[in-house]
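Biologist: I should be grateful for a close look at one part of this model. Please choose a single helix and explain what it packs against.

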Amino acid sequence: MSRELSTYEAMGGTYTEVDGVLYPNIVVSEEADVWVGKYGLLWMNYMKSNHAERYRHHICMGTLNSKAFEVNEEAYEMLEGIVDQYLARHKPQNLASTMEMWRLREQAKQMAEEVVLSDIVRQYH
């Protein structure tokens, strides 16, 4: 008598039998070791709150951390580019003034972070 394959088995999963009970062989992937960063964590929270079904899909497929890492990398690249463009257009009047340089850099970072949050982090990926 042959039995019908479960969905888990049809997808390539295997079971281990212990005392007549079948337990699925589940392995935690190495993905858990991926550092996701600030923007990756923000994206994960956004997806969990606003797109729960997609968030669960990433978890089930084991791609949540790698996708969050990609989002983090993309966010930092965009952030750096925007800051550089801002600083190129807004030159300090007094090059010797540390406070003026700090103020310009902070303005650039705040503006860039607003763009990064709206264009990358708070997007459906």
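Modeller: The buried residues of helix 5 pack against helix 2 and helix 4, the latter spanning residues 64-89. The model is a predicted one, and helix 5 itself covers residues 98-121. Its buried positions are Glu100, Leu104, Ala108, Ala112, Val116, Leu117, Ile120 and Val121.

Let us now consider the packing with helix 2. Two packed helices are described by the angle between their axes and the distance between the axes. For helix 2, which comprises residues 37-50, and helix 5, the axes come within 11 Å and cross at roughly 50 degrees. An angle under 35 degrees would count as roughly parallel, and one from 65 to 115 as roughly perpendicular; helix 2 and helix 5 are therefore oblique to each other. The handedness of the crossing of helix 2 and helix 5 is right-handed.

Which residues make this contact? Helix 2 contributes Lys38, Tyr39, Leu42, Trp43 and Tyr46, while helix 5 contributes Glu113, Val116, Leu117, Ile120 and Val121. By character, the residues of this contact between helix 2 and helix 5 comprise eight nonpolar and two charged ones, with no polar residue. The charged ones are Lys38 of helix 2 and Glu113 of helix 5.

The two views of helix 5 may be joined. Val116, Leu117, Ile120 and Val121 belong to the buried residues of helix 5, and these four names also appear in the contact with helix 2.

Terms used
Residues numbered from 1 in each chain as written. Predicted model: local features only at pLDDT ≥ 70, side-chain atom pairs only at ≥ 80, totals over all residues. Heavy atoms only, no water. Axes fitted to C-alpha atoms, helices over the stretch in contact; angles between N-to-C directions. Parallel < 35°, antiparallel > 145°, perpendicular 65-115°, else oblique. Left-handed = near helix turned anticlockwise from the far one by under 90°. Contact = heavy atoms within 4.5 Å. Buried < 20%, exposed > 50% of the residue type's maximum accessible area, 1.4 Å probe, protein only.
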